[in-house]
Amino acid sequence: MNFHNILINWYLQNKRDLPWRKTANPYLIWLSEIMLQQTRVAQGMPYFFSFTKEFPTVFDLANADEEQVLKLWQGLGYYSRARNLHKTAQYVANELNGVFPPGYNELLKLKGVGEYTAAAIASFSYNEAVPVVDGNVFRVLSRYFDIESDIASPATKKEFTELARELMPKDNPAIFNQAIMEFGALQCVPKSPNCTICVFNASCLALQKKKVNVLPVKSKKIKVTNRFFNYLIMEDVLGNTLIQKRTAKGIWHNLYEFPLLETKEIADFDFVSKAIQNDLFSAYTIIGLEECSDETVIHKLSHQHLHIQFWKIKIKEIIENGINANNLKTFPFPIVIYNFIEKQEINC
């Protein structure tokens with residue numbers, strides 16, 4: 001029995017019951033694929049249900065406010081995905097009359113849709129014979145065929161894409177793509193896979209050569225930058241506070257936050273006290289300053305580690321256009337700030 005038949009038979013017996021596998025609707029498949037970029041299925045599933053309930057069609061998503069989309073996306077991370085999702089929905093709804101492009105090359109032109117996502121939509125919605133190549137596919141093929149090419153290299157992406165294309169049954173590409181991704185997610189996992197029960201254990205070259213734990217090869221290391229954020233939570237006599245929108249390009253674009261003091265290292269009480277009295281809030285009468293947590297919160301992003309401290313500042317004056325505690329929760333925040341608000345540490 002050849003590779004794809006063994007793989008598909010395994011898939012039919014072991015596949016997870018996922019909602020986006022029950023439809024060929026390109027809107028729903030596109031939505032799920034964007035959500036699952038750099039996100040585990042278990043984490044993405046509740047968001048998929050929330051979005052499809054709130055925005056059952058591409059027109060509903062297109063007509064929503066960006067803040068509504070960001071709020072619903074809150075906690076899923078990589079917020080540029082949500083902004084691109086919204087813009088693409090508007091383009092499909094307004095320029096394409098709600099009809100998604102019917103092929104791989106046309107799908108690639110959509111904002112936020114790369115080769116992997118375009119291949120997924122094209123094969124799952126239109127049964128086009130284009131292979132999907134993600135981390136799972138790299139892992140399965142590199143191990144099975146003992147390929148030591150560096151998967152961080154663009155040339156390797158082409159190599160694996162062509163290999164997957166050769167293996168793919170042209171009459172049923174959708175199920176092959178689903179099967180190889182599922183196999184990588186459930187069986188041929190990154191660390192300590194159970195090769196004794198694997199359907200390929202008689203033919204997998206990495207298993208025969210004892211190389212399972214060293215494949216795939218990835219040489220490129222992500223350089224992580226440490227940043228130090230001090231969030232300044234003002235509170236006036238009415239209990240209202242002040243927030244701002246992050247309009248600059250970079251992390252958390254168009255999300256909300258408290259006024260921010262970024263420092264070169266973890267800040268102490270004296271440094272923050274001087275900063276708010278001399279520069280940041282010199283127009284207000286400060287009657288109290290307190291750090292709201294015993295330890296710094298470390299929030300890890302793909303290329304940045306944020307060391308976050310929250311400081312509560314009581315002021316004598318009333319904040320113009322201040323936000324009360326109930327309204328505060330309606331704004332889209334980075335999840336680390338939202339969790340802080342939810343825990344009511346604002347009342348520290």
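So, Phe 48: it's buried, with a relative accessible area of 4%. Its partner is Trp 20, and that one counts as buried too, at 7% relative accessibility, under the 20% cut-off. Keep in mind that this is a predicted model.

Back to those two rings. Trp 20 and Phe 48 make an edge-to-face aromatic pair, 5.1 Å centre to centre, with 80 degrees between the planes. What I like here is the link between distant parts of the chain: Trp 20 sits in the loop between α1 (3-14) and α2 (26-36), while Phe 48 belongs to helix α3 (residues 41-54), and the two are 28 residues apart. Another edge-to-face pair is Phe 229 with Tyr 231, where the ring centres are 6.0 Å apart and the planes stand at 90 degrees. Phe 229 is buried at 0% relative accessible area, and Tyr 231 is buried, also with a value of 0%.

How many aromatic pairs turn up if you search the whole structure? The search gives 21. There's also an aromatic cluster, made up of Phe 3, Trp 10, Tyr 144, Phe 145, Phe 183 and Phe 200.

A quick word on confidence. The average pLDDT for the chain is 92, and 98% of the residues reach at least 70. Helix α4 (residues 58-63) has the highest confidence, at 98, and helix α13 (residues 269-280) has the lowest, with a mean of 83.

Okay, helices. Let's take α9, residues 135-145, against α10, residues 154-167: they pack at about 80 degrees with their axes 11 Å apart. That falls in the 65 to 115 range, so the two are roughly perpendicular. On the α9 side, the contact uses Phe 138, Leu 141, Ser 142 and Phe 145. From α10 come Thr 156, Lys 157, Phe 160, Leu 163, Ala 164 and Leu 167. Sort the residues of that contact by type and you get seven nonpolar, two polar and one charged.

Now, which way does α9 run relative to α11, parallel or perpendicular? Here the axes of α9 and helix α11 (residues 173-186) come within 8 Å and cross at roughly 85 degrees, and that makes α9 roughly perpendicular to α11. Asn 136, Val 137, Arg 139, Val 140 and Leu 141 of α9 meet Ile 180, Met 181, Phe 183, Gly 184 and Ala 185 of α11. The split for this contact is seven nonpolar, two polar and one charged. Notice that Leu 141 is in the α10 contact and in the α11 contact. And Phe 145, from the α10 contact, is a member of the aromatic cluster I mentioned, as is Phe 183, from the α11 side.

Two single residues before I stop. Ile 286 is in strand β5 (residues 286-291), and it's partly exposed, with a relative accessible area of 21%. Leaving out residues up to four places away in sequence, Ile 286 touches Ile 276, Gln 277, Phe 281, Ile 313, Lys 314 and Ile 315. Its C-alpha is 8.9 Å from that of Glu 317, which is 31 residues away along the chain.

Then there's Lys 221, in the loop between α12 (205-208) and β1 (225-235). Buried or exposed? Lys 221 counts as exposed, at 74% relative accessibility. Between Lys 221 and Ala 152 there are 9.3 Å, C-alpha to C-alpha, for a separation of 69 residues in sequence.

Notes. Residues numbered from 1 in each chain as written. Predicted model: local features only at pLDDT ≥ 70, side-chain atom pairs only at ≥ 80, totals over all residues. Heavy atoms only, no water. pLDDT = per-residue confidence, 0-100. Helix = DSSP H or I, 4+ residues; strand = E, 2+ residues; numbered from the N terminus. Axes fitted to C-alpha atoms, helices over the stretch in contact; angles between N-to-C directions. Parallel < 35°, antiparallel > 145°, perpendicular 65-115°, else oblique. Contact = heavy atoms within 4.5 Å. Nonpolar A, V, L, I, M, F, W, Y, C, P; charged D, E, K, R; others polar. Buried < 20%, exposed > 50% of the residue type's maximum accessible area, 1.4 Å probe, protein only. Phe/Tyr/Trp six-rings, centres within 6.5 Å; stacked < 30°, edge-to-face > 60°.
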